[in-house]
Amino acid sequence: MTNYEIYYFPVQGRIESTYLLLTDQGIPFKKHIVTSEIWGKGDLKGKCAFGQLPLLQDGEFKLNQSNAILRFLGRQHGLYGKDNKEAALTDMVNDGVDDCRTKYFKFIYSDYDIGKQQYIKDLPGCLSPFEKLLQKNRNGSSFIVGDKISFADYNLFQLLQVHLVLTPDCLKDFPLLKAYVSRIASRPRIKAYLDSDEYKSRPINANGKQ
Ligand code: GTB
């Protein structure tokens, strides 16, 4: 029996992939929305291993770092490949997603006004490895690794979603990724979540840029 509680700011930021995983898997969790006023008091910051959110709690167990949270949930709930090789490939994909996400955050928080054209120009270079990986795995008809959804799928899907908001035709040259996004978005619990006001009303990023 799990008793997950998640603390994060009122944005998608670094937590949305975890919300998607838990929602799609039907795993209950409690969301604690941390406003800047609450965060500013410092108590919660002091309880976080690196002074940052997200924080996942399960009873006495506390875990920070968004990717450690995804991997933990992957291990706990059978979302980490069928064997050690698939687990390693799942890690590889997730690290690739994180590299793109780091570039995305740098762009959103530091370069948005001066660097949008260049960022969009460079984006295919970020996305094409995922198209190739999909192609290699069952000709793109399945998940990013193996034949079962993994934590890396939720992270990749969310990365693609935010880029589709930034530049809606970003997948025009990536037919497998386009079909993959549609498949994941049409999973019943994900579809209901993406249609919800709760999801739609929460900004992607803290500075309002998207
Ligand atoms: N490597 C870590 C991870 O992946 O979990 C990085 C975590 C991180 O950068 N956390 C940021 C944070 O806690 C939030 S994500 N910042 C507060 C601090 O350092 O004191 C970006 C972010 C910033 C601010 C808001 N906000 O004000 O609503 C939301 C999201």
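Trainee: How many nonpolar residues does the shell around the ligand have?
Mentor: Happy to help! This is a predicted model, where local features need pLDDT of at least 70, side-chain atom pairs need 80 or more, and totals for chains, interfaces and linings use all residues. Residues count from 1 along each chain as its sequence is written, and side-chain values use heavy atoms, without hydrogens and water. Taking as nonpolar Ala, Val, Leu, Ile, Met, Phe, Trp, Tyr, Cys and Pro, as charged Asp, Glu, Lys and Arg, and as polar the others, including Gly, the shell has two charged, four polar and, for your answer, seven nonpolar residues.

Trainee: Which residues come nearest to the ligand?
Mentor: The ligand has 13 residues around it, each with a heavy atom within 4 Å. Of these, the nearest are W39, K45, L53, Q65 and S66.

Trainee: How far is a polar side-chain atom of S66 from an oxygen atom of the ligand?
Mentor: Let's go through the side chains in turn. An N or O atom of W39 is 3.0 Å from a ligand oxygen, and for K45 a polar atom lies 2.7 Å from one. For S66, the value is 2.6 Å.

Trainee: Is N205 buried or exposed?
Mentor: N205 belongs to the segment after α9 (197-201), and its side chain has a polar atom 2.9 Å from the backbone oxygen of K209. Buried means under 20% relative accessible area and exposed over 50%, with a 1.4 Å probe and protein chains only. Because its relative accessibility is 2%, N205 counts as buried.

Note on methods
Polar contact = N/O pair within 3.5 Å; in protein donor to acceptor, adjacent residues only side chain to side chain. Helix = DSSP H or I, 4+ residues; strand = E, 2+ residues; numbered from the N terminus.
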